[in-house]
Structures are given as C-alpha cells and as structure tokens.
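Please open the model in the viewer and follow the selections below in order. Each stop names what to select and then describes what is there.

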Amino acid sequence: MRHFTKFAMMAAIVLGINSLSSVEEATAQALPKVSIAVIDGRRITMDSAAGKDIRRQLDVIRQKFQAEIVAKETELKKEEESLSNQRSLVPKEVYEQKVVEFRGKVADMQRDAQEKNRQLEVALVNAQNKLQSALTPIYQKIIKERGANMIIDKSLVVEHAAALNVTDEVIEQLDQVLPAVKVELMTPGSN
C-alpha cells in the first residue's frame, strides 16, 4: 500500500510538472518575439535640425535677456553710487527713504531676472514637447518597417548590436517632417 501511495504521489508530481509546462508553452506562444530598436535620444535632440534650431533660438533669447539684466545692473550700480554720495548731503529721513526705494528697485530687478529664467525654461519645455510629438509617428513607422515591438534609448542598454541602432534614420526622418521649431516665450502672467 505504501508503494502505491508513493507511486500516486510521483504521478501527481509528474502531472503537475507537465501541466506547468503546458501553461508555460501557452504563455510563450501568446507573447510576441522580442524585437528591439535602439535610439540615442540625446543625439536626436542635439543633431536634428529642429534640436539645433531650438538651441539657436534659446541662445538668442538668453543673450537678449542677459543684456537687459546687465544694463539694469549697471543702472542700479550708478544709482547706488549716487545714493552713497548723497548720504551726508540730505536729511537722514530723505536718505533712508531713497535707500528703501533703491532696495525695491533691486528686488524688482531680481524678480524680473527670475521671471525671464522661468520664461526660458517654459519655452524650452514647450519646444521639446513639439519635437517629441513629431517623433512619435516616426517611432511608430520604424517599429512597423523593422518589425520591432520596442524602441529603447541607448542610455538604458548595456550593450547592443550596431544594426539595432536607428538613430540616424530617426534624425533623417525628423529633419524632413520638422526642420524647425518656433520657440515662443509666454508673456508674464499667462500660462
């Protein structure tokens, strides 16, 4: 009887393993074969015509903002020197009032500089979003043409075969559909 029980247990284990194998086979058949394409997202944004155009426009805007800030700083330095020279010439209350007004101007300039930086950041994000929107159909086309079911950035890959890299193809197609992106600054107070 003991022998029969051992035999029954062994049969149950073998059946269980066979049924697990069947489940694994069914699962394996349901999943598609993995086929990956690799991109260098950083290179796409740096080397594409649209990416270069975005950087060029941002540099022009940044230089303009910087010139405005430097001019305002120069003006404030002259006012500070003038104020310093007036210290002993005007009544104390008048001088203190002028100092308060000057500090207000400095604070305004600092707020203005912060707002300009925020505008630049928002403009960059909006331009990058336009670029990413143009990339989505390109990625879908490459997936279809290559029979791939995934595109992954090379920064997430340890090693890959060169034939999997579609970066040049993506840049070429992106340059055709989006050669430029208009960088637009939001006016202060608008979102």
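A nonpolar core is here a set of buried Ala, Val, Leu, Ile, Met, Phe, Trp, Tyr and Cys residues joined through side-chain atoms within 4.5 Å. The model under inspection is predicted.

**The whole chain.** Begin with the protein chain in cartoon representation, which shows five helices and two strands. Followed from the N terminus, the elements run α-β-α-α-α-β-α. Of the 191 residues, 23% count as buried. The chain exposes about 13800 Å², and carbon and sulfur atoms supply 58% of that area. Among contacts between residues at least 6 apart in sequence, 85% join residues at least 24 apart.

**The largest core.** Next, select Ile 44, Ile 54, Leu 135, Val 170, Leu 174 and Val 183, the residues with the most contacts inside the largest nonpolar core, which has 25 residues. Strand 1 (36–39), helix 3, helix 4 and helix 5 each give two or more residues to this core. Helix 4 provides the largest share, nine residues.

Centre the view on Ile 44. Which residues is Ile 44 in contact with, leaving aside its neighbours within four places in sequence? They are Ile 39, Leu 135, Tyr 139, Thr 167, Val 170, Ile 171 and Leu 174.

**A second core.** Leu 76, Leu 83, Phe 102 and Met 109 are among the six residues of a second, separate core.

**Helix 3.** Now select residues 49–86. At 1.5 Å a residue, the 38 residues of this helix should span 56 Å, and the end C-alpha atoms are indeed 56 Å apart, so the two values agree. Colour the buried residues of helix 3, including Ala 50, Gly 51, Asp 53, Ile 54, Gln 57, Leu 58 and Ile 61. Further along helix 3, Phe 65, Ile 69, Leu 76 and Leu 83 are also buried. The buried residues of helix 3 pack against helix 2 (41–47), helix 4 and helix 5 (167–177).

**Around Phe 65.** Keep Phe 65 selected and add Lys 116, which lies over the face of the Phe 65 ring at 4.7 Å from the ring centre. Then add Ala 113, found in helix 4 (residues 92–146). Is Ala 113 buried or exposed? Ala 113 counts as buried because its relative accessibility is 17%, and the cut-off for buried is under 20%. The C-alpha atoms of Ala 113 and Phe 65 are separated by 8.0 Å, although these residues stand 48 residues apart along the chain.

**Aromatic rings.** As a last stop, display the aromatic side chains: the structure holds zero aromatic pairs.

Definitions and conventions: Residues numbered from 1 in each chain as written. Predicted model: local features only at pLDDT ≥ 70, side-chain atom pairs only at ≥ 80, totals over all residues. Heavy atoms only, no water. Helix = DSSP H or I, 4+ residues; strand = E, 2+ residues; numbered from the N terminus. Buried < 20%, exposed > 50% of the residue type's maximum accessible area, 1.4 Å probe, protein only. Phe/Tyr/Trp six-rings, centres within 6.5 Å; stacked < 30°, edge-to-face > 60°. Lys NZ or Arg CZ within 6 Å of the ring centre and 35° of its normal. Expected span 1.5 Å × (residues − 1). Contact = heavy atoms within 4.5 Å. Areas by Shrake-Rupley, 256 points an atom, 1.4 Å probe, with all protein chains shown as cover.
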